[in-house]
Amino acid sequence: AAEGILRRQAQRESAARTYARSLPIVPVRARGLTIEGADGRRYLDCLSGAGTLALGHNHPVVLEAIRGVLDSGAPLHVLDLATPVKDAFTTELFATLPAELAADARIQFCGPAGTDAVEAALTLVRTATGRSGMLAFTGAYHGMTTGALAVSGGATDVRVTRLPYPQDRRCPFGVGGAEGAELSARWTRNLLDDPKSGVPAPAGMIVEPVQGEGGVHPAPDAWLRSMREITAERGIPLIADEVQTGVGRTGAFWGVDHAGVVPDVMVLSKAIGGSLPLAVIVYRAELDQWAPGAHAGTFRGNQLAMAAGTATLAYVRENGLAERARILGARMLGALRGLIPAHPCVADVRGRGLMIGVELADPDTGEASPDLAVAVRQACLDRGLIVELGGRHSSVVRLLPPLTLTDEQAAAVLDRLADAIPAATR
Ligand code: PMP
């Protein structure tokens, strides 16, 4: 039966659907870190719905919250109407925000995807500032939409100025660490203050506290603080895209918390829905200048997602799972870095909390190697471990395990990866 499903899906689904091809598994059951295929094989799932499953698959508190809504007879789809479920979600979410933002924050439900919330954030700051330029970074990933507004006759003249993200091997300076951060900040200041630079007046700056899809590059805290300073001094709203870094993933509740930075807008999705689709932006009340209907979307009132999200946010907060991710993540990074001396194909190990990347490179040339990364992913799969790839060259093996990962599970993940790397690169 599993073969038939895989075959039909491979025929029917578009070629852009990669997972069904690169991970030929037919999951029929899942719990926590484990996925079980139709053939009875079990896998440790470090893909976690691309970082969505903070509590792993089917956590009891999430299931209970979903059942609670179903059993209550509440409407499942409510657009923008006020409901007790939405009230509980918003209250729990606001309790986790940086205090300075929570003190006077607004929320816009965007849903269902992170991309929707990014679009909303752009519309919000463009409206509030009356400007249309955007500052973004090399290696960034914020979503996939292009043109929906344009074909609807809306404003689409976003002009992006791309700035160097530090610790990014593609940044024009080609250096990382404190020096790269310093250079990136100086470059940004110079560009914004030089009247001849041609940079369109920016409506906002959008930044990921850790670039995930870009290959797991954590922003240095001091650099993020300098971006906050630069934008604040020039009246440019700072948008933190916390779609992937949020809800404890990086070892703090929000990625910006490490640096003590308070953004003007936060873009949230993935884990806030407790494994169901949900996306919101939260932002300073003074930016709330858009007209009713300025950002719409049919599926922004999913009560099941809000209930699952409330349960997830509360569980992470009450059980200190961000701190747990910080400690366990540091330990896992240390163990993975220990592989570097014996394995020249492991060019770098990066990450923060339980957002971990292992960069594969050709040992002879030092060039990023997507082929090696694909081979490692396959060797992992053969050993019952599901991992994701990322980075500009798809040469980074990424781990996004649930924050509920136990020490024993972490050891099993590391063992399988440590075994897969030499097997794939021999
Ligand atoms: N921003 C970031 C930082 C992301 O990692 C992603 C998804 N990987 C998105 C935005 C887009 O979210 P979605 O895929 O839900 O549209």
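The following dialogue examines how several structural labels are justified in a predicted model.

Visitor: Why are helices H5 and H11 called roughly parallel?

Guide: Helix H5 (residues 84-96) and helix H11 (residues 303-318) pack at an angle of about 30°. Angles under 35 degrees count as roughly parallel, and H5 and H11 are therefore given that description. Their axes are 9 Å apart, and H5 passes H11 in a left-handed crossing.

Visitor: Which residues make the contact between H5 and H11?

Guide: On the side of H5 they are Val85, Lys86, Ala88, Phe89, Glu92, Leu93 and Thr96. H11 contributes Gln303, Met306, Ala307, Gly309, Thr310, Leu313, Ala314 and Arg317. Sorted by class, the contact of H5 with H11 has eight nonpolar, four polar and three charged residues.

Visitor: What makes Gln303 count as buried?

Guide: A residue is buried if 20 or more other C-beta atoms lie within 10 Å of its own. Gln303 has 22 C-beta neighbours inside 10 Å, and therefore counts as buried. Gln303 has its place in helix H11.

Visitor: With which residues is Gln303 in contact, leaving aside its neighbours within four places in sequence?

Guide: Gln303 is then in contact with Val69, Ala74, Pro75, Leu76, Val78, Thr83 and Val85. In addition, the C-alpha atoms of Gln303 and Leu278 are separated by 9.5 Å, with the two residues 25 places apart along the chain.

Visitor: Why is strand S12 described as largely enclosed by the rest of the structure?

Guide: The description rests on a count: strand S12 (residues 280-284) has five residues, of which four are buried, so S12 is largely enclosed by the rest of the structure.

Visitor: Which strands pair with S12, and over how many bridges?

Guide: Strand S4 (residues 105-109) pairs with S12 in the antiparallel sense over five bridges; in this pairing, Ala105 has Arg284 of S12 as its bridge partner. Strand S11 (residues 265-268) pairs with S12, also in the antiparallel sense, over four bridges, and Val267 stands opposite Ile281 in S12.

Visitor: What is the order of strands in the sheet that holds S12?

Guide: Seven strands form an open sheet in the order S4-S12-S11-S10-S7-S5-S6, and the pairing is mixed. On average, neighbouring strands of this sheet are turned by 20° against each other, direction ignored.

Visitor: How do you know that the pairing is mixed?

Guide: The pairs of this sheet include S4 with S12 in the antiparallel sense. Strand S5 (residues 133-137) and S6, by contrast, pair in the parallel sense over five bridges. In that pairing Ala136 stands opposite Arg162 in S6. The sheet is accordingly listed as mixed.

Visitor: What makes S4 and S6 edge strands?

Guide: S4 and strand S6 (159-163) each pair on one side only.

Visitor: What is the order of the four-strand sheet, and in which sense do its strands pair?

Guide: The four strands form an open sheet in the order S13-S14-S17-S16, with antiparallel pairing. Strand S13 (346-352) and strand S16 (388-390) are the edge strands, each pairing on one side only. Neighbouring strands of this sheet are turned by 25° against each other on average, direction ignored.

Visitor: What packs on this sheet, and at what angle to S13?

Guide: Helix H12 (residues 321-337) packs on the sheet and touches S13 and S14. The direction of H12 makes about 175° with that of S13.

Visitor: How many bridges join S13 to S14?

Guide: S13 and strand S14 (residues 355-360) run antiparallel and are joined by six bridges. One example is Val346, whose bridge partner in S14 is Leu360. The hairpin of S13 and S14 has two residues between the strands, and Gly353 takes a positive phi near 60° there.

Visitor: What makes S13 a mostly covered strand?

Guide: Seven of the seven residues of S13 are buried.

Visitor: Why is H13 called oblique to H14?

Guide: The axes of helix H13 (residues 370-382) and helix H14 (residues 407-425) come within 8 Å and cross at roughly 130°. Angles over 145 degrees count as roughly antiparallel and those from 65 to 115 as roughly perpendicular; the crossing angle therefore makes H13 oblique to H14. H13 passes H14 in a right-handed crossing. The contact includes Leu372 and Val376 of H13 and Leu417 and Ile421 of H14. By class, the contact of H13 with H14 has 10 nonpolar, two polar and one charged residues.

Methods
Residues numbered from 1 in each chain as written. Predicted model: local features only at pLDDT ≥ 70, side-chain atom pairs only at ≥ 80, totals over all residues. Axes fitted to C-alpha atoms, helices over the stretch in contact; angles between N-to-C directions. Left-handed = near helix turned anticlockwise from the far one by under 90°. Contact = placed C-beta atoms within 7 Å. Nonpolar A, V, L, I, M, F, W, Y, C, P; charged D, E, K, R; others polar. Buried ≥ 20, exposed ≤ 12 C-beta atoms within 10 Å, placed from the backbone. Pairing = 2+ DSSP bridges.
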